[in-house]
Amino acid sequence: MEYQLENENCFVCEKVFEGNSEQAVDLDFSLPDYCPDIERILKCRICPSVMSKNISGDRLDVDGVAVIRLYYLDSKKQAVRLCEHTSPFSCSFNIKSSAQDLTAVVKVKTEYLNCRALTPRRLDIHGAFSVGVAVYAKSQQDYCTSINAPDIQQKKHSELISCLSGIGQQQFSISEVLDIGQGKGLPESILRSDFSIDIESAKALSDKVMLKGEAVLHLLYVTDIETGSQDTMTFNIPYTQVIDVQGISDISQNDIKLEVMNYDVSLKSEYDESSTLVTLDAKICATVFAYNERNIDVIDDAYSTEYELELTQKNCRFSHISTMPDSSFSVKQEVKTGDNGITKMIDTWCDSINSICTNDGNSLSVKGKVNCCMLALDKDSIPFYAERPLEFAFKPDIVQSTGDISADIDILCKSLSFRITGDNTVEFKADLKLSGILSESKTNLCITSASADEEKPKVKDKNAALTLYYADEGENLWNIAEKYCTSVEAIQIENELTDDIIQAHSMILIPM
């Protein structure tokens, strides 16, 4: 006999594909005619960016460009020069998933780079960068809530879970004309730029979420091509953007990821020598995962009071998602600059942040390194470049629970300041912001089918209405009731018990 099950379902966020493609960079490169000869290489960087990503069927295509930026000293050792080379790239991933409405998150990262000057005008460059992708889908998970039969006893527990209500992804642009203003040198060319974006608030409405935050553009630019004199400027750009997310509401817990796909900065002074205007065009991709809380009843075990019951079960993993409180913290460290000393800092920036999040059972711990970069003048007033890591350790203030806790975190460097403390020492201070989501996961065995052989009924003692049973402390009424083919409720009523566990060695009456 097959018993009828009552099933319910919830939607979960399933990562259906994760992959990585390494893109090689091999260049035998000669400087353009307008670039002066190389005296010494300061730094060579690969700056990959994504121009487009597209899912068609079971195929994900990613197109982008990799810009090789060479910073070097000219033959007079007076000025920092920049030479750029741009190479397009394309890569494809076979997703092999039957799920519909897939959403892809793409991240690019430099792996390594070696650069050497063969001649004052010729370079040998070898390196690689990686394109990492994660593809998500909204998947349905079924679970049994009840077995409909009068002879079936069921043990249930309640679970607070987060159901995925919707996934939304949308690209938007930030286009601005910015003014360096008077009192600073007129920009003639851009040596280096950094662009980052942060979310300050997210207000969910019906099927939409409004993001508010700030984008930051930092420039190191040349004010005199002949001498190579530089200046810096930082722009704080507020933005507001509405993202469509089907299923989101004002009670949703939201995991929001922002990707800076690509950006371009140019000077108006290229056409007007007296202009102090800068144009910015940035493309951002926002991905929103919206979750709604729900209490569900899950059957842990079942038996029949009449027949031997055969159950089939599967592992169901339920998660409860919560937004980690935004946390700001600072890391300060004094570093050595080198044997040639330091007299002036030209520019500083955070190149990358590497972190790892661990759970020791009582709290989460985030450890990592901030890679601080500096362009400065030594004791002979010759520019030099150096990188120094700042180590940090931070424990977010979260509430622990009995489940398996994991965290998906992002760390943003809000600012990087410095103080020259000696002839060859600098104290760096990085102000960091940590944000992300916490996921508490539990695995339950969920019943998928229940059947009994009616020709093999359970043997019961029908000569007595009650059976005396001497219970030990800590025994579970569920096990006792199953053994005597009765119910937990019947034993509780007969003995005026409220707990499921026997509190002390005692005699109890079991109705037959």
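## Reading strands, cores and rings in a predicted model

Modeller: Let's begin with a single contact: R192 lies over the face of W349, 3.8 Å from the ring centre. Keep in mind that this is a predicted model.

Biologist: Gladly. Which other ring has a charged end sitting over it, and at what distance from its centre?

Modeller: That ring is F11. The charged end of K138 sits over it, 4.7 Å from the ring centre.

Biologist: W349 makes me curious about its surroundings. Which residues are in contact with N371, leaving aside neighbours within four places in sequence?

Modeller: W349 is one of them, and the others are C350, D351, S352, E387, R388 and P389. N371 itself has its place in strand β15, residues 364-377.

Biologist: Is N371 buried or exposed?

Modeller: The cut-off for buried is under 20% relative accessible area. N371 has 15% relative accessibility, so it counts as buried.

Biologist: Let's turn to sheets. How should I read an open one, such as the sheet with the order β7-β12-β11?

Modeller: The general idea first: strands of a sheet pair through backbone hydrogen bonds, either parallel or antiparallel. Here three strands make up the open sheet, and their pairing is antiparallel. The edges are β7 (152-179) and β11 (253-267); each has a single partner strand, so one side of each has no neighbour in the sheet. Direction ignored, neighbouring strands are turned by 10 degrees against each other on average.

Biologist: Over how many bridges do β7 and β12 pair?

Modeller: They pair over 27 bridges, in the antiparallel sense, with β12 covering residues 277-304. To find your place in that pairing, look for E159, whose bridge partner in β12 is I296.

Biologist: Which strands stand at the edges of the open sheet β13-β18-β17?

Modeller: Those are β13 (307-336) and β17 (404-422), each pairing on one side only. This sheet has three strands and antiparallel pairing. Its twist averages 5 degrees from one strand to the next. Between β17 and β18 there are 17 bridges, and L416 has A430 as its bridge partner in β18.

Biologist: What about a hairpin? Which residue takes a positive phi in the hairpin of β8 and β9?

Modeller: D207 does, with a phi near 65 degrees, and the hairpin has two residues between its strands. Strands β8 (residues 189-205) and β9 (residues 208-224) pair in the antiparallel sense over 15 bridges. Within this pairing, D198 stands opposite E214 in β9.

Biologist: Now the interior. What is the general idea behind a nonpolar core?

Modeller: In soluble globular proteins, nonpolar side chains tend to be buried together. In this model, the largest nonpolar core has 33 residues, and L31, L60, V62, F93, V131 and V133 have the most contacts inside it. The strands β1 (4-30), β2 (38-56), β3 (59-74), β4 (80-94), β5 (103-119) and β6 (122-148) each supply at least two of its residues. The largest share comes from β6, with seven residues. Apart from this core lies another, of 31 residues, including L178, L217, F235 and V265.

Biologist: What does V131 touch beyond residues up to four places away in sequence?

Modeller: Among its contacts are V62, F89, C91, F93, V106 and V108, and also G19, N20 and S21.

Biologist: F89 has a ring. How many aromatic pairs does the structure hold?

Modeller: There are eleven. For F89 and F129, the ring centres are 5.0 Å apart and the planes stand at 65 degrees, so the pair is edge-to-face. This pair links distant parts of the chain, with F89 in strand β4 and F129 in strand β6, 40 residues apart. Both F89 and F129 are buried. Elsewhere, ring pairs link F329, F392 and F394 into a cluster.

Biologist: Where is L434 found, and which residues does L434 touch?

Modeller: L434 is in strand β18, residues 425-457. With a relative accessible area of 0%, L434 is buried. Not counting residues up to four places away in sequence, L434 touches M324, P325, D326, S327, F329, V366, F394, P396, I409, D410 and I411. So you can look for F329 and F394 both in the ring cluster and among the contacts of L434.

Technical notes
Residues are numbered from 1 along each chain as its sequence is written. This is a predicted model: local features need pLDDT of at least 70, side-chain atom pairs count only at pLDDT 80 or more; totals for chains, interfaces and linings use all residues. Side-chain values use heavy atoms; hydrogens and water are left out. Helices (H or I, at least four residues) and strands (E, at least two) are DSSP runs, numbered from the N terminus. Buried means under 20% relative accessible area, exposed over 50%, partly exposed in between (1.4 Å probe, protein chains only). Contact means heavy atoms within 4.5 Å. Two strands pair if DSSP finds at least two bridges between them. A nonpolar core is a set of buried Ala, Val, Leu, Ile, Met, Phe, Trp, Tyr and Cys residues joined through side-chain atoms within 4.5 Å. Rings of Phe, Tyr and Trp (its six-membered ring) pair if their centres lie within 6.5 Å; planes under 30 degrees apart count as stacked, over 60 as edge-to-face and the rest as tilted. A charge sits over a ring if NZ of Lys or CZ of Arg is within 6 Å of the ring centre and within 35 degrees of the ring normal. Axes are lines fitted to C-alpha atoms, for helices over the stretch in contact, and angles run from 0 to 180 degrees between N-to-C directions.
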